[in-house]
Amino acid sequence: MNIWFKRLCVAAAGCLAIAAAQAQDKQVIKLGWTTTDGEQDPYAIGARAFKAALEADPNGKSFEVQLYPNRQLGDEKALLEGVRMGLAQAGLITNAVVAQMEPAFQLNDLPFLYASSEQAYQLMDGPIGRQLAKKLEAKGIAVLGYMGGGFRNMINNVRPVKAPQDVAGVKYRVMQSPIYIGMYEALGGSPVPMAWGETYTAVQQGALDGLEIPLSVIDSTKSYEITKFLSLTNHTFSVIEFVFNKRLLDKMAPPQRQAILDAARKAAQEERRINDENARKLVATLKEKGMQVNTIDNPAAFREKVKPVYDAFRPGIGPDLLDAALAQVK
């Protein structure tokens with residue numbers, strides 16, 4: 001064998017060995033969420049933005065972000081618990097599920113609290129968002145940022161929702177959250193708590209009449225194929241918490257920890273921007289895909305009907321926290 005060829009083979013083998021060693025040295029971050037990996041899915045947008053931002057950071061080169069959409073790491077409750085225990089390192093979790101672990105987060109799910117996505121982001125980026133994050137830290141979970149899934153709206157196969165009485169008697173899937181159950185009860189509806197993974201089939205088979213869901217998720221999960229009416233109730237802004245195992249974050253060297261925090265901040269800003277842009281286009285898209293779309297006649301009538309929900313959940317949220325939030329959004 002030619003001596004130069006031998007040397008080339010040895011050098012190549014050495015490079016492969018170094019590359020393999022470097023790959024093994026990388027710290028894996030398993031990032032999970034329960035919806036799709038579609039282009040317009042807000043959870044997927046946030047996950048991809050975090051991976052890109054961290055791996056582009058010089059201090060993030062020691063990490064490998066692995067993405068797990070479609071409930072690969074379990075439904076949201078199991079995923080959140082997995083992050084707490086360190087079985088997964090990170091997750092993008094719907095606020096209502098986080099609120100099951102820390103009731104103060106029920107604040108974000110109060111119906112008709114936010115008039116715009118900007119209002120929600122300002123609240124979460126300020127002292128109130130930091131207070132909420134501090135409460136979750138005590139349970140072993142760090143909140144790295146707040147993303148947005150857009151306003152949740154009602155979709156069903158019975159009738160358009162224009163006034164509160166149109167909700168009456170309709171069986172809606174709701175998250176396993178007392179605040180969502182309370183909202184539909186206050187409006188006279190029939191809420192059915194159900195894990196996300198079971199919902200599509202339940203509506204498709206007629207066991208449920210509909211559900212409440214952000215526009216982006218209607219599109220990414222093809223829920224327009226199983227429901228007829230889309231009512232733009234904008235009843236709850238869907239805050240998404242980007243959570244991370246606190247013990248792991250605390251153990252990191254400062255440059256790596258800062259790279260994680262910076263990437264999370266950039267990802268949140270990117271996700272919000274893209275999701276807000278998508279929301280502006282999605283109403284027309286969903287009309288083209290066959291949904292009958294309407295707005296509600298009198299938002300104040302809905303707000304009046306759900307007042308008992310605020311009273312019921314004030315103690316769990318914390319009166320001071322709720323009053324501070326109401327003062328900021330009025």
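1. A nonpolar core is a set of buried Ala, Val, Leu, Ile, Met, Phe, Trp, Tyr and Cys residues joined through side-chain atoms within 4.5 Å. In this predicted model, the largest such core has 55 residues. Leu107, Leu110 and Tyr114 have the most contacts inside it. Leu107 shows how far along the sequence these links reach. Leaving aside neighbours within four places in sequence, Leu107 is in contact with Leu113, Leu123 and Ile128, and also with Ile317, Leu322 and Ala325. Another core lies apart from the largest one. That other core has 29 residues, including Ala49, Phe242, Leu248 and Leu249.

2. Next, look at Asn108. Asn108 sits in the loop between helix H4 (95–101) and helix H5 (117–125). Is Asn108 buried or exposed? Asn108 has a relative accessible area of 0%, so this residue counts as buried. Its contacts, again without neighbours up to four places away, include Asn95, Tyr114, Met124 and Leu132. Thr236, Phe237, Val239 and Glu241 also touch Asn108. Tyr114 is thus worth a second look: Tyr114 is a contact of Asn108, and Tyr114 is among the residues with the most contacts inside the largest core.

3. Now the helix pair H6 and H14. H6 covers residues 127–137, and H14 covers residues 319–329. Their axes are 10 Å apart and meet at an angle of about 155°. Angles over 145 degrees count as roughly antiparallel, so H6 is roughly antiparallel to H14. The crossing of H6 past H14 is left-handed.

4. Which residues make the H6 and H14 contact? From H6 come Ile128, Gln131 and Leu132. From H14 come Leu321, Ala324, Ala325 and Gln328. The set divides into 5 nonpolar residues, 2 polar ones and no charged ones. Two names recur from point 1: Ile128 and Ala325 are both contacts of Leu107. Leu132 recurs from point 2, as a contact of Asn108.

5. Last, helix H7. Pro178 lies in H7, which covers residues 178–186. Pro178 has 42% relative accessibility, so this residue counts as partly exposed. Further along H7, Ile179, Tyr180, Gly182, Met183 and Tyr184 are buried. Not counting residues up to four places away in sequence, Pro178 touches Gln106 and Phe313. Pro178 and Ala99 are 79 residues apart in sequence, yet their C-alpha atoms are 9.7 Å apart in space. After H7 comes Gly188, with a positive phi near 90°.

Terms used. Residues numbered from 1 in each chain as written. Predicted model: local features only at pLDDT ≥ 70, side-chain atom pairs only at ≥ 80, totals over all residues. Heavy atoms only, no water. Helix = DSSP H or I, 4+ residues; strand = E, 2+ residues; numbered from the N terminus. Buried < 20%, exposed > 50% of the residue type's maximum accessible area, 1.4 Å probe, protein only. Contact = heavy atoms within 4.5 Å. Axes fitted to C-alpha atoms, helices over the stretch in contact; angles between N-to-C directions. Parallel < 35°, antiparallel > 145°, perpendicular 65-115°, else oblique. Left-handed = near helix turned anticlockwise from the far one by under 90°. Nonpolar A, V, L, I, M, F, W, Y, C, P; charged D, E, K, R; others polar.
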